[in-house]
Amino acid sequence: MLTIRTSRMRRTLVAAVVLTISGLALSACSGESAPDPGASEGGIASEIKLVAVRNATGPVAYTGLSAAKGTELAIEEIESSGFLGEGVTIDITEYDSAFDPQTAASQLTSAIAGGGVSAILGPQVSNEALAVAPIAQNAGIPIVYTQSGVGGLLESGNLQFRASAPQESIWAAAVDNMKASGIETVSILTNGIPTYNELATAVLPELLDEAGIEILGTFEFENSATDFQAAASTIAASEPHAVLEIMTGSQVPTAVVQARQAGFTGQFYSANSMTDAQLASIGDAGVGLRFVTGFTYAIPEGVPAEFTTAFEEKFGELPDTYAAEAYDQTWWIARAVKHSNSSEPSAVAEGLVAVADEGFEGAQGPLTFENSNDARGVGTVVEWDGTEQIIAE
């Protein structure tokens, strides 16, 4: 368990960064209504308690570790700018779900047992999100997810929210890119994570059919699979124009290399689960790989670019989509607290709906929301040039 606290001394040290990104953090709030002092009798606590349940160990640890940094940057800005009032601080405790739904459920149950939690930053993996959703709902605490795009998750109660566009809503951009690139046939690799499996077996077939692109074969693997040679040989023999790898980022490098070794020479498209380190690990076989995402550091202007600058100054590295999503997730909660003028869970939930109805611009760019709880953004197709991410043409 990792507890992140931002002290007054630390806020002084980052003042220069906060000034630089004031347009990033606060311009997004300029269109919001002024807080309504009568919205809640609870008021805003001097210390707001948040809980995060996400992976810090296991095969997708990079997602949770990166997200924690995005949240840390957001909290630093919120506190230093006095966004929620002079002296108001945010205490967040990170729990490691360890890529296991039962662990996620157990961790959240323990985290909220003592009370006082205003909101929960939920798991990024869909089966973990499904495990904790009823726990948050029954406790009366709003939970805001990133990733976790499995169908039905947000319909499980009125306290369920998602701060990043689900894969199904941004893959249309990738299919448009395929069509424009002359791709007529594809093969699909996927795993058992509900979001990915649903994308590969339900969403993509419809999108591809509408674009006139034929699926030659779909190959399903376990989440822990590391050997794709049999599928790679079959794919190479059928000679599709592209392979769509709808799997975790730790699986993609191996699958790409094995497909190339089997003789596949076409284009790769991946889900937005790839970090620069993972892309670089593929070597020459990964040059030209494309993926669709709600955020990339290659976006040259606007709030996403300002976020990239602030993140790199703080952590000495470029942000990925998980950091950007968590940044927006945390700011959404802060906006909700301010809108409701309360850190009570029920008031925060009402504030999340109100802010969603207005929309805001964050690290992922302009965000709108379906059903007042489900983020929608603009999908960007990114290409790996062997050294860095670039916007695909």
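For the classes used below, Ala, Val, Leu, Ile, Met, Phe, Trp, Tyr, Cys and Pro count as nonpolar, Asp, Glu, Lys and Arg as charged, and the others, Gly among them, as polar. By this division, the lining of the largest pocket comprises 7 nonpolar, 3 polar and 4 charged residues. The model described here is predicted.

The protein chain has 393 residues, of which 58% count as buried. Its secondary structure consists of 14 helices and 16 strands. Among contacts in the protein chain with a separation of 6 or more, 72% are made by residues 24 or more positions apart.

In soluble globular proteins, nonpolar side chains tend to be buried together. In the present model, the largest nonpolar core contains 64 residues, and L84, F307, W332 and I333 have the most contacts inside it. Helix α13, which spans residues 321-340, supplies the largest share of this core, namely 9 residues. When neighbours within four places in sequence are left aside, I333 is in contact with L50, A119, L121, V144, V348 and L352. A second, separate core of 32 residues is also present, and V60, V125, A211 and I246 are included in it.

The largest pocket has a volume of about 200 Å³. Its lining is formed by 14 residues, and those nearest the centre of the pocket are T275, E317, L318, P319 and D320. Two or more lining residues are given by each of α4 (61-80) and α11 (276-281). The most is given by α4, with 4 residues.

One of the residues nearest the pocket centre, E317, also takes part in a salt bridge with K69, at 2.9 Å from N to O. Because K69 lies in helix α4 and E317 in the loop between α12 (302-315) and α13, this pair ties together parts that are 248 residues apart in sequence. Both partners are partly exposed under the limits of 20% and 50% relative accessible area: the value for K69 is 26%, and that for E317 is 34%.

Helix α4 is also the site of E76, whose salt-bridge partner K314 lies in helix α12, so the pair ties together parts that are 238 residues apart in sequence. The closest N and O atoms of E76 and K314 are 2.8 Å apart. E76 is buried, with a relative accessible area of 2%, whereas K314 is partly exposed at 24%.

The structure holds 8 salt bridges. One further pair is R54 and E94, in which the closest N and O atoms are 2.7 Å apart. Since R54 belongs to strand β2 (residues 47-54) and E94 to strand β3 (residues 89-96), the pair ties together parts that are 40 residues apart in sequence. R54 has a relative accessible area of 3% and is therefore buried, and E94 likewise counts as buried, at 7%. Elsewhere, R162, E370, D374 and R376 are linked in a network of salt bridges.

Enclosed space was also examined. Rolling a probe the size of a water molecule over the atoms shows where empty space is left. A search of the whole structure finds 6 cavities of 30 Å³ or more. The largest cavity holds about 210 Å³ of space. It is lined by 19 residues, with Q124, V125, Q147, S148 and Y196 lying nearest its centre. The elements that give two or more residues to this lining are α4 and α8 (194-210). The lining of the largest cavity has 8 nonpolar and 11 polar residues, and no charged residues. V125, which lies nearest the centre of this cavity together with the four residues named above, is also one of the residues of the second core.

The second largest cavity has a volume of about 80 Å³. Its lining consists of 13 residues, and S164, A165, G294, E325 and Q364 lie nearest its centre. Helices α7 (167-180) and α13 are the elements that give two or more residues to the lining of this cavity. By class, 4 nonpolar, 8 polar and 1 charged residues line the second largest cavity. Helix α13 thus contributes both to this lining and to the largest nonpolar core.

Technical notes. Residues are numbered from 1 along each chain as its sequence is written. This is a predicted model: local features need pLDDT of at least 70, side-chain atom pairs count only at pLDDT 80 or more; totals for chains, interfaces and linings use all residues. Side-chain values use heavy atoms; hydrogens and water are left out. A nonpolar core is a set of buried Ala, Val, Leu, Ile, Met, Phe, Trp, Tyr and Cys residues joined through side-chain atoms within 4.5 Å. Buried means under 20% relative accessible area, exposed over 50%, partly exposed in between (1.4 Å probe, protein chains only). Contact means heavy atoms within 4.5 Å. On a 1 Å grid over the protein atoms alone, a cavity is a set of points where a 1.4 Å probe fits but cannot get out, and a pocket is an open set with protein on both sides within 12 Å along at least five of seven lines; lining residues have an atom within 4 Å of a point. Grid points are joined across faces, edges and corners, and a volume is the space filled by probe spheres set on the points. A salt bridge is a side-chain nitrogen of Lys or Arg within 4 Å of a carboxyl oxygen of Asp or Glu.
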